[in-house]
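Please take the sequence and the model side by side and follow the charged side chains first, then the backbone. The paragraphs below are meant to be read with the coordinates open.

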Amino acid sequence: MKCLTAPVMLLVAILLFTALQAAARPTAEAIKLICEYHTNPVGIDVMQPRLGWQISTTENNFLQSAYEIRVTDNPGKGRLIWSSGKVNSGQSVNIPYEGPALKSMQRVYWQVRIWDNQSKVTNWSLPAFWEMGILDPALWKASWITLGSEKAVKGSKPCQYMRKDFRVKKKVASARVYITSLGLYQLYINGEKVSTDLFTPGWTSYHKRLQYQVYDVTSVIRPENTIGAIIGDGWYRGNIGWGNDDGYYGNKIALLAQLQVNYSDGSSELICTDQSWKAANGPILASDIYNGETYDARKEMPGWCAPGFNSSGWENAAITDHPKTMLVAPQGVPVKAIEEVKTVKLFTTPKGETVFDLGQNMVGWVRLKVQEKAANQVTLCFAEVLDKEGNFYTDNLRAAKATDVYTCKGNGPEVFEPHFTFHGFRYVKVEGISNPSPDQVTGVVIHSDMEPAGSFSCSDSLINQLQHNIQWGQKGNFLDVPTDCPQRDERLGWTGDAQVFSPTAAFNFNVAPFYTKWLRDVAADQLPTGRVPHVIPDVLKGSGGSTAWADASIIVPWNTYLAYGDKRILEVQYPSMKAWVDYITSRAGEDFLWTGDYHFGDWLAFATNSSDYPGATTEKDLIATAYYAFSSGLLARIAGIIGKQDDAAKYAELSGNIRKAFNHEFVTPSGRLVSNTQTAYSLALAFGLLPAELVPKAAQYLADDVKKFGHLTTGFVGTPLLCKTLSAYGFDDLAFMLLNRKQYPSWLYPVTKGATTIWERWDGLKPDGSFQDPGMNSFNHYAYGAIGEWLYSHVAGLSIDPEQPGYKHFLLAPHPGGGLTRAGVEFQSLYGKIQSSWKITGNEFTYDVAVPANTTAIVTLPGATAGKVSMNAKPLDTSSVEWLKQSGDAVTFTIGSGSYSFSYPAGELIKGNQQEEQE
């Protein structure tokens, strides 16, 4: 055999080295890189933005043991700005950038590589980027401009149109628009809308925080250009709250914009709003959030935002004085048109009204298609429900007109969508169409562009509809702020609704950026005394301080931390949290009881004032003191997490003293509460307020009250706690009974009445077909949808581990019951997809789970014996899982990442399920 030649030997060596290198790398990669919860964000002002990634791998039990991040000025072989070096850590979310301070408008690119638990390193990820916004207010060179000739009339005013022509004489490397407004704006360049974002710049505490947006417009810049914008009243100057129909924040709308064009030769140019811009009114005669939009298509100005338009009839824009120091980059997500809903039925009511039924109570507007004569007016009115006789019903909208009026220009088909208004509706009454057809009205659904996260389904179609209603209630009310309702003259960021719903919200959608933005306004609008307003942004002139409502300042950040492992939100909101607890302390007596102040209490509890149905009123001082104890204890825990140990000790002692005072004032020696209500017991038990020896007695009192009524009696405060408290203390049968109940009051009663969203009241539509008080009767109000948390965590079995938040480690413990034969969730965590789905088939119980890479979970199998459980069709034993143990009638163990299917004889589960169904 001849010796191998040198070239062949070299080739063999290279192949061998490559093979060894490949063997040393895990079959994994870092994917879905995010910065501050966004993919490739443009225009942020967080100085140490946090980075995260998911891990794609086919390996089971994959854990990251280390990571390395590098940041450069170019996606290729750019200059290195910062490297983390190899960091021995399993953390793959919320990792702060720790490099040199970045400059305004600077774009950087970043990559990550990771090491697995076998010390194998991956390739570098594909590059991602983030781009800074304007960090120094002095860099705002633009002036605020407005239409100087605007007439001073009360109420909604015509929208303003602004435009400017400009030339570009060099090769463009990049172009960005930095823009905001007093009011709402839509931005156009060369005849095209720049973004699909809606209701920009968003709703914030405008005098303290006004957002601006940044858009990359490089691709639309030409040698000859026109930039234009439409500005409407919005929340800034339009109807908002009560009695604020002529500008709560100001009586003058304005635009601030600067377009920075960077040329290939290194030079740059700014096109700024100033007196050289032209301004005019146009076809939008009025556009108001509550009242709707009036549009006259005969006044349209074709080409107004494109080159070549004759603007000789327009006036020069007027400069108006307004500060720029409060300008901030957005941290939330924009409102967008997310989906469309087709008309399912076109009919005539008994009164002769032409009504389009979209089949879904939704939030947004309709796209109208018409072909009528010039000057013909088409009027669109919006309603959530029909009355008992089948007629169009709008009494519950109160003072909101909720009406769009379109005047046709004639000469062919026309399409209309409003610009700066939205409605909450299922039914659309249309006047002015000669031959209506279903395809003329299409619903356009809008809400904050939150990433869908969770789904739930089970074997009961009514419960599935309940979940549908929960999600649509959230979509309809998460429109830049968490509103209470989307249809009447309110639509405000009520803190109590947001507080009780926050765990459910964080399952259905990724709400981390949404809450991050809103909570900044909670702190901004908080009074110097520490009192938190009832609504955020505050348009009720400082009224606030109600227990359970103002506690959103602590509980919402805490639930965000639990869902996303976001420690920074605790650090940023901590002064606000502390100020709220200190405010309560200033109001409470030396006896640690919070009594005598105004509170909403257990809002809209069951039939409190009805002689037909005995109700349940929980003493407001009891609720206030319970929340005082809970929030101060939570504050102590948060202080410990963020390293404020002195505060942790101080507030832990305070909470302990309040607990003692609560028991002395509101609890008898036998464990009975002075308010013998489901809400009172749920609060005392869920908040851990009772001494250990009284807990079983109080739990039994709660169960006895549920049995006595045969239904829930809770309102906004007690409802989120009721089922999970019953389940926590061994009364799963009663919790499932409440879930399955179809008569009033219950969660499924509205479903049986055709509800497609959650109602404000248990009996918004009464059993006799009449309506509740139209003064407060929303059919899209998400608070009672808080039952979702129990469905996901208890019934389906996916729970957060508070000690390892953000689903880094989580709990999988399904609870069959209520006659259900299957239930399950899928959830997109920051680490990837989690699944928890069970079913009973014949005599077999099957439980399918998925655990994403770089996470672990504790599994608890109910009604199981270790020796009878199979995992992926093989016997379950200690070689396949960790910490396997039998705990009573359940088997518990720990698993790493991967997909698993567990099965075993259903036996006792079937028996218990049948008993609960019969009850």
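What follows is a walk through a predicted model, from salt bridges to charges without a partner and on to the backbone.

A convenient place to begin is with charge pairing. Side chains of opposite charge can pair when their charged atoms come close. With a side-chain nitrogen of Lys or Arg required to lie within 4 Å of a carboxyl oxygen of Asp or Glu, the count comes to 34 salt bridges. One of these salt bridges joins the side chains of Arg 113 and Glu 68, with an N to O distance of 2.9 Å. This pair links distant parts of the chain, since Arg 113 belongs to strand E7 (residues 107-116) and Glu 68 to strand E4 (residues 64-72), with their positions 45 residues apart in the sequence. The two partners can also be described by their exposure: Arg 113 has a relative accessible area of 23% and is therefore partly exposed, whereas Glu 68, at 12%, is buried.

Another pair, Asp 233 and Arg 237, forms a salt bridge in which the closest N and O atoms are 2.8 Å apart. Here Asp 233 is buried, with a relative accessible area of 2%, and Arg 237 is likewise buried, its relative accessible area being 2%.

The salt bridge between Glu 490 and Arg 398, in which the side chains meet at 2.8 Å from N to O, again links distant parts of the chain, the residues being 92 apart. Glu 490 lies in the loop between strand E37 (481-482) and helix H4 (495-508), and Arg 398 in the loop between strand E30 (392-393) and strand E31 (403-407). Glu 490 counts as buried because its relative accessibility is 5%, while Arg 398, with a relative accessible area of 29%, is partly exposed. The pair is also part of a wider arrangement, in which salt bridges that share partners join Arg 398, Asp 484, Arg 488, Asp 489, Glu 490 and Glu 760 into one network.

Against these paired charges one may set Asp 538, and ask which side chain of opposite charge is nearest to this residue. That side chain is Lys 208, but it is 7.6 Å away, and Asp 538 is buried yet has no salt bridge. The 7.6 Å may be read against the 4 Å within which a salt bridge is counted. Asp 538 is found in the loop between helix H5 (512-525) and helix H6 (552-564). When its neighbours within four places in sequence are left aside, the residues in contact with Asp 538 are Tyr 248, Tyr 249, Asp 525 and Pro 533.

Charges without a salt bridge also appear at the surface, where Glu 590, Asp 591, Glu 619 and Glu 665 form a negative patch. Of these residues, Glu 665 can be placed in helix H9 (residues 645-666), and its relative accessibility of 40% is why Glu 665 counts as partly exposed.

From charge we turn to an aromatic residue, Tyr 847, which is found in strand E42 (residues 844-851). Is Tyr 847 buried or exposed? With a relative accessible area of 0%, Tyr 847 is buried. Its C-alpha atom is separated by 9.1 Å from that of Tyr 904, a residue 57 places away along the chain.

The backbone itself deserves a last look. Most residues other than glycine have a negative phi, and most peptide bonds are trans. A cis peptide bond, however, joins Thr 200 and Pro 201, with omega about 15°, and Pro 201 sits in the loop between strand E13 (192-193) and strand E14 (210-211). Tyr 744 and Pro 745 are likewise joined by a cis peptide bond, with omega about -5°, and Pro 745 is found in the loop between helix H13 (732-740) and helix H14 (748-752).

Turning to phi, Asn 94 is not a glycine, yet it has a positive value of about 55°. Asn 94 is in the loop between strand E5 (80-83) and strand E6 (95-96), and at 14% relative accessibility it counts as buried. Trp 883, also not a glycine, has a positive phi of about 55°, but Trp 883 is found in a strand, E46 (residues 882-887), and is exposed, with a relative accessible area of 69%.

Definitions and conventions:
Residues are numbered from 1 along each chain as its sequence is written. This is a predicted model: local features need pLDDT of at least 70, side-chain atom pairs count only at pLDDT 80 or more; totals for chains, interfaces and linings use all residues. Side-chain values use heavy atoms; hydrogens and water are left out. Patches are made of residues with over 30% relative accessible area and no salt bridge: like charges are joined within 9 Å, nonpolar side chains (Val, Leu, Ile, Met, Phe, Trp, Tyr) within 5 Å. Accessible areas come from the Shrake-Rupley method with a 1.4 Å probe; for residues, only the protein chains shown count as cover. Lys and Arg count as positive and Asp and Glu as negative; His and the chain ends are not counted. The place of a charge is taken as NZ of Lys, CZ of Arg, CG of Asp or CD of Glu. Helices (H or I, at least four residues) and strands (E, at least two) are DSSP runs, numbered from the N terminus. Buried means under 20% relative accessible area, exposed over 50%, partly exposed in between (1.4 Å probe, protein chains only). Contact means heavy atoms within 4.5 Å.
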